[in-house]
Amino acid sequence: MELLASEGAPLSTTPGRNQLFELDPSTGALRQLTEVEGEVSSWSMTEGGTLLVCASRTAPARRSLGVVEERGVRWLPVPEGMTGTLRPSGDGGTLVFAHEELGVPTELWCVRIDGSQPAKRLTDTVPAAYREHDWILPEKLQVSSADGKRVFAHVYSPRGASLARPSDPRPCVVFIHGAGYLQNVSDSMTEYAVNLMFHSRLAEQGYVVADVDYRGSAGYGAKFRGDVQFQLGKLELDDIGAVIDELARRGVVDPERVACYGGSYGGFLTLMALFQQPDRWVGGAALRSVTDWRTYHPGYTQPRLGLPSTH
């Protein structure tokens with residue numbers, strides 16, 4: 001038997017969502033092993049053949065750990081947040097994993113695979129200065145895009161303000177994450193821990209900061225990720241705009257004082273925003289941006305835009 005992960009396997013009970021399957025090479029028979037509401041992000045197997053999975057069990061912003069058994073997945077007693085980098089022990093009794101939470105940097109943890117004990121932290125590497133600082137952490141916001149997709153964002157508010165109880169409409173900085181396909185709105189230090197700290201600093205100075213998992217981001221299924229093919233820079237900005245409009249509707253931000261910044265793909269989207277939507281933005285900073293897709297890496301560009309000769 002062979003293991004494979006697929007979001008497009010025939011007869012999948014969750015089409016468009018990554019799940020684990022067992023394939024019989026001699027017959028081609030395929031059997032679905034997981035049926036999580038979110039997606040399977042990684043898996044590992046002990047030397048004794050126990051199959052372990054890391055998956056967004058219900059909320060896309062979190063990753064849980066489980067053991068795949070005949071009757072389904074048995075979830076392990078690990079803290080909520082983002083987990084990954086699974087390493088089972090040689091005897092197959094313990095699983096070591098990396099774990100972080102929103103505002104809490106990564107540490108190594110372990111848990112008994114039989115689930116008999118709560119998970120235990122193994123390392124303590126966070127500097128005291130970081131722990132002692134009173135960081136402003138974001139709230140989650142969910143909006144509907146123009147075409148009905150769920151779009152998630154992190155929103156950092158100045159002290160004393162929140163999404164439920166905003167102060168006067170504030171100037172807003174929108175962070176546009178890079179890569180296009182990564183997931184940044186999660187219960188973790190995000191993919192950009194330094195930017196998380198910078199956004200906390202901006203909130204301390206009175207700005208609202210919005211960080212959007214725009215169309216094309218990972219973690220929300222094949223359709224959400226693939227919608228941008230052959231039209232980079234359109235739906236992403238529509239999703240970001242939907243978040244800004246909702247924040248303006250709530251009185252959280254002043255729509256006349258909104259700027260954006262981002263690097264790499266985020267730099268590309270920043271330039272697209274400034275040139276295509278000049279009335280929405282008062283400024284922007286495009287860092288290490290892609291300005292000509294014809295000169296970028298073919299392995300990244302061709303699946304998204306095709307070949308220059310034909311597209």
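**Salt bridges and their surroundings**

This predicted model holds 22 salt bridges.

User: Why is the contact between Arg 31 and Glu 22 called a salt bridge?

Analyst: Happy to explain! The closest N and O atoms of Arg 31 and Glu 22 are 3.4 Å apart. A salt bridge needs such atoms within 4 Å, so the pair qualifies.

User: What makes Arg 31 count as partly exposed?

Analyst: Its relative accessibility is 36%. Partly exposed lies between the limits of 20% and 50%, so Arg 31 belongs there. Glu 22, at 21%, is partly exposed too.

User: How do you know that Glu 246 counts as buried?

Analyst: Glu 246 has 16% relative accessibility, and buried means under 20%, so the label fits. Its salt-bridge partner is Arg 250, with the closest N and O atoms 2.8 Å apart. Arg 250, at 34%, counts as partly exposed.

User: Which residues do salt bridges with shared partners join into one network?

Analyst: That network is made of Asp 147, Lys 149, Arg 215, Lys 223, Asp 227 and Asp 239.

User: Why does the salt bridge between Arg 280 and Asp 245 tie together parts that are apart in sequence?

Analyst: The closest N and O atoms of this pair are 3.1 Å apart. Arg 280 lies in the loop between helix H5 and strand S17, while Asp 245 lies in helix H4, so the bridge ties together parts 35 residues apart in sequence. Arg 280 is partly exposed at 25%, and Asp 245 is partly exposed at 43%.

Notes: Residues numbered from 1 in each chain as written. Predicted model: local features only at pLDDT ≥ 70, side-chain atom pairs only at ≥ 80, totals over all residues. Heavy atoms only, no water. Salt bridge = Lys/Arg side-chain N within 4 Å of Asp/Glu carboxyl O. Buried < 20%, exposed > 50% of the residue type's maximum accessible area, 1.4 Å probe, protein only. Helix = DSSP H or I, 4+ residues; strand = E, 2+ residues; numbered from the N terminus.
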